[in-house]
Structure formats: structure tokens, C-alpha cells
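Please find below my note on the contacts in this assembly, set out as numbered points. It treats the protein interface before the nucleic acid.

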There are 2 protein chains.
Amino acid sequence: MTRVLVVDDEPQILRALGINLRARGYDVDLAPDGEHALTLAAGHHPDVVVLDLGLPGIDGVEVIRGLRGWSTVPIVVLSVRDGERDKVLALDAGADDYVTKPFGMDELLARLRAALRRATPAEEEPVVETADFTIDLGAKRVHRGGTEVRLTPTEWHLVEVLVRHQGKLVSQRQLLQEVWGPEYHDETAYLRVHMANVRRKLEPEPSRPRYFFTEPGMGYRFETSS
Amino acid sequence: MTRVLVVDDEPQILRALGINLRARGYDVDLAPDGEHALTLAAGHHPDVVVLDLGLPGIDGVEVIRGLRGWSTVPIVVLSVRDGERDKVLALDAGADDYVTKPFGMDELLARLRAALRRATPAEEEPVVETADFTIDLGAKRVHRGGTEVRLTPTEWHLVEVLVRHQGKLVSQRQLLQEVWGPEYHDETAYLRVHMANVRRKLEPEPSRPRYFFTEPGMGYRFETSS
DNA sequence: AAGGTTCTTGACGCACTCTTGACGCGGACC
DNA sequence: GGTCCGCGTCAAGAGTGCGTCAAGAACCTT
């Protein structure tokens, strides 16, 4: 299901958007200000963000910057301000689209679809096969020796990031930011524990990895011998 | 250079956009209607398309469909129509953004930048090859004679800085600051030891370097003979 | 409210990397 | 021709990072 994060300080707009989007089958998170927005984004990894510019506390443009620091999620900005300067600032900060209030729900939905379409460029999700297991990125499943292996959400996320960068070294910092969020960039202990769990579930000899390699001091790398 | 295709049936707008975009360093194609637009797009493969909806002949939405049949180039729609239905139709046909006339040039430019930024995701890191080894900056790995060479974090960092400044002299001070941090600017002993290790791992004759040269009193230089 | 997962956190041992000092060599300068 | 400085080499000790295990906390489901 597609996850949308909606950020707006006006409760009635927040509610209206929540109802409308859920009616269309989206999975919706609601945030009344920038702080909540960044926290929710880090935890739930939305597929698209709808962001009001006029927020109490952190400014909307700051929220864009905060998100762009570690994520490429599409951001659709809502604003009562029709000023050209605001639009330019928001777009150059990394927003993907700018809609002026008042707006029609149909237009907003169309813009969301456009943003989502761009972000998911019709790529079919690859299936990665190794001699010991099969990873289906689209179905989010892993098979090993005929049966399915259950990965916890964290483990899956870790595997997903590494497999998508197949062959490349992924730095500890990048892994932590993608899986746990930007404020966890130095919790390397998490990585060690969860990588150990992943290896125990997937590697034939967990203490002698054939697929999930450690590059000491730098990060991890997924590689198939083929 | 970035190529922009502008499609509009009003000559003065076409001219104005052409002048403005060229002044910003874009390479601009101009088309007064849908037929010319599709022909130019097929021939010149623009990086982004600015498209007016109200065209004589083929309708703007048809132009979008025509382009989307074979291209994923970002399309920014211009229109005097502010109707919600038009926006929804255009966006769902495959447009990336919708700007209502009259618009400010700064806003349009910001939207173009946003569209281009999305379309150009990860530029890839170069791979540097020499007769004796291969350095993949993106994957952070080094191959030599078929097998992989393991570099420690410090060694890799050193190699990376030198290789990214390929052919140029990198001062000891700069190397120390980039690898160890600003307060280590005079620990030249570190450089000597680690450069020796790098050479032992990569140079065919470590004591007679062919790639990692010392410039006495100044710094180091990476150079491939090719 | 209870049970089961999953995540977090701390402790420990091992391996490896970095740092540091000693030494030799060669060129520059006096 | 002698001295000095910068560089390369080597080796040893200190420090760090990693894997592993286990226990408690937090979370979700029923």
C-alpha cells in the first residue's frame, strides 16, 4: 500500500486530507508540525509527502531540507502563499511540486499520482538469486531451500538496501540513515546485531559470509559470486 | 548542455521563453504546434519539455500521450485554463507539472530545475583503470590481476582523494586534512607510512612507483600513463 | 490483559588497523 | 666532503571495530 505523509497545521485540512486519501486506498500518516513530520518520516518511510509551508515551529522549507538530507521521497508542497519567491525557495530546496491553496482535491490527487509515477519509474522489481537463497524485492520475500525465510522488518530493510546496491559498498552511515533514520547515523551497534541475524538466517555459514560482506571501518556489501 | 523543448502557439511567449532560457545557458528548441513538437522531440531528445496545452491542431494532451509513448522526458505543462479537470487530464496523461498562465519566469525556471533534478538521479562514479589495477570509486573496491585487493579505511580514503584529483598534485596538508581531519595538518609521518602500504598493495614495484608519485616537500600525485 | 516478536543495550573476546619510534638512504645545501 | 632534512621501511604496542551472546524493554496481536 502506498504511504502518504500529510503535514499541515490546520486540523480541519489535516482531517479532510486524511479521510479523502484513505478513501482512495492510501495509507496515511498525519503530522501537525515539522517535528512530528520528520519523526514520522524517519519511522514510516512514506512514499510521498504532502507538506504545508506555513507551519508552527520549524519552517516548511526547513522540513524539506531535513527530508532531503537522507531521502528522495517526492514532496508536494501546499501553501496559501502564492508568491513566486516562496515557490522558488521551496522547489529549489528539493520540493517536487507546489500547489496553492485553496486547491481541488482532484487536482491534488492527480499531482500525487504524478509524483508517485515519477518516483516509481515503472521498474519491475528484480528478483535476486544466489546459490543459497532467492530475494524477491517486489514481493518482499526470501526463499531458501524451498521454504520461505521470515525476516523481521528491520532485517528486511537492511537486506533491501544492500541488495539494491548490489556489488557496491554501502557505508554504515548510509545504512543507518536509510533503515533507522537520520538521527541514528552513529549507532553502529545496531548494524552489527541485525547483520548477524540476517547472516544467521541467510548465510550457509554465518561466521564465514559468502554474500553479506563486512568492510571493516567502512560498511557492508552484498554480492553474489555469479 | 541541457536541452529544453518549448511548445507554444503564441509567438511572443515562445520568443520570450527562448530568450530567457538561452540566457540561463539552456539549449532551446522552439515549436509552435504539436506536430513540430513531436518531430523535434524525436530528433533532438530534449532533457525537458515545456508544453502549452492550448495548441492549434493536435491537442496538448495528445502531445503528452505521443511523447509518453516512447519517452520519459519530464513535461511541464503551461496553460491559461485553470480548470481542475484540465489539470487532472494533463497530469494523468503523463505530465510532470502544471503551471497556470500568467506565470513568473522565476517560478517556471524553478519548476524546470525541479523536473530536471528528478530526471537525473544518480550520476555514476567513474572507474579508473590502469595497466596494473582497477579502482571503482562507486563500489569502493580495487581489483588487481583478477582478484580483489583489500584496502583499510585509511588507505582507501587516501587513494580516493588522490584518484579524484587524478593528474594533479595534492599537497600533504590537503591530504592530511581530508583523511585525518583539520587538526592533523602536520602529521606527515602518517602519510609516509600509509602511502607505503598503498604502494605495497597496488604498485608492481612499490619502491619504484608508476602511479602514486611523491613530489618531495609538496605532496603526492596519482597518474595513469594512459 | 497476556503472549509472542522484535528491537535495544551491555559485556566480552578476538582480530585488525593505526600510531609511534627507530633506522637507512639519498639529495640539497653549505 | 660533511651535514641536514625529507622520505621510505620496518616492527611493536595501543586502540578500535566487529561478531557474538544474552537479557530486558517495547511493540503488536489476540
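1. Chain B and chain A together bury about 2,500 Å², with 45% of this on carbon and sulfur atoms; buried area is the accessible area (1.4 Å probe) that two parts lose on being put together, summed over both. The model is predicted, so that local features need pLDDT of at least 70 and side-chain atom pairs count only at pLDDT 80 or more, while totals for chains, interfaces and linings use all residues. Residues are numbered from 1 along each chain as its sequence is written, chains are lettered from A and ligands numbered from 1 in the order in which they are written, and side-chain values use heavy atoms, with hydrogens and water left out.

2. Each of the two chains is represented in the contact (heavy atoms within 4.5 Å): 29 residues come from chain A and 29 residues from chain B. Between the chains, 11 salt bridges are counted, a salt bridge being a side-chain nitrogen of Lys or Arg within 4 Å of a carboxyl oxygen of Asp or Glu. One of them joins B:Glu107 to A:Lys87, whose closest N and O atoms are 3.1 Å apart.

3. On the side of chain B that touches chain A, two or more residues come from each of α4 (84–93), β5 (97–100), α5 (105–119) and α6 (153–164) of chain B. The element that gives the most is α5(B), with nine residues. By class, this side holds 15 charged, 11 nonpolar and three polar residues.

4. DNA strand C is surrounded by 16 residues, the closest being A:Arg150, A:Thr154, A:Tyr190, B:Thr154 and B:Tyr190. Sugar or phosphate accounts for 86% of the strand C atoms within 4 Å of the protein, and bases for the rest. Phosphate oxygens of strand C lie 2.4 Å from a side-chain N or O atom of A:Arg150, 2.6 Å from a polar side-chain atom of A:Thr152 and 2.3 Å from one of A:Thr154.

5. Around DNA strand D there are 19 residues, of which A:Arg199, A:Thr214, B:Arg199, B:Thr214 and B:Gly217 come nearest. Of the strand D atoms within 4 Å of the protein, 61% belong to sugar or phosphate and the rest to bases. A polar side-chain atom of A:Arg199 is 2.8 Å from a phosphate oxygen of strand D, whereas B:Arg192 places a polar side-chain atom 3.1 Å from a base nitrogen of that strand.

Technical notes:
Helices (H or I, at least four residues) and strands (E, at least two) are DSSP runs, numbered from the N terminus. Ala, Val, Leu, Ile, Met, Phe, Trp, Tyr, Cys and Pro count as nonpolar, Asp, Glu, Lys and Arg as charged, and the others, Gly among them, as polar. A residue is near a molecule or strand if one of its heavy atoms lies within 4 Å of it. A polar contact is a pair of N or O atoms within 3.5 Å; within protein, one must be able to donate a hydrogen and the other to accept it, and residues adjacent in sequence count only if both atoms are side-chain atoms.
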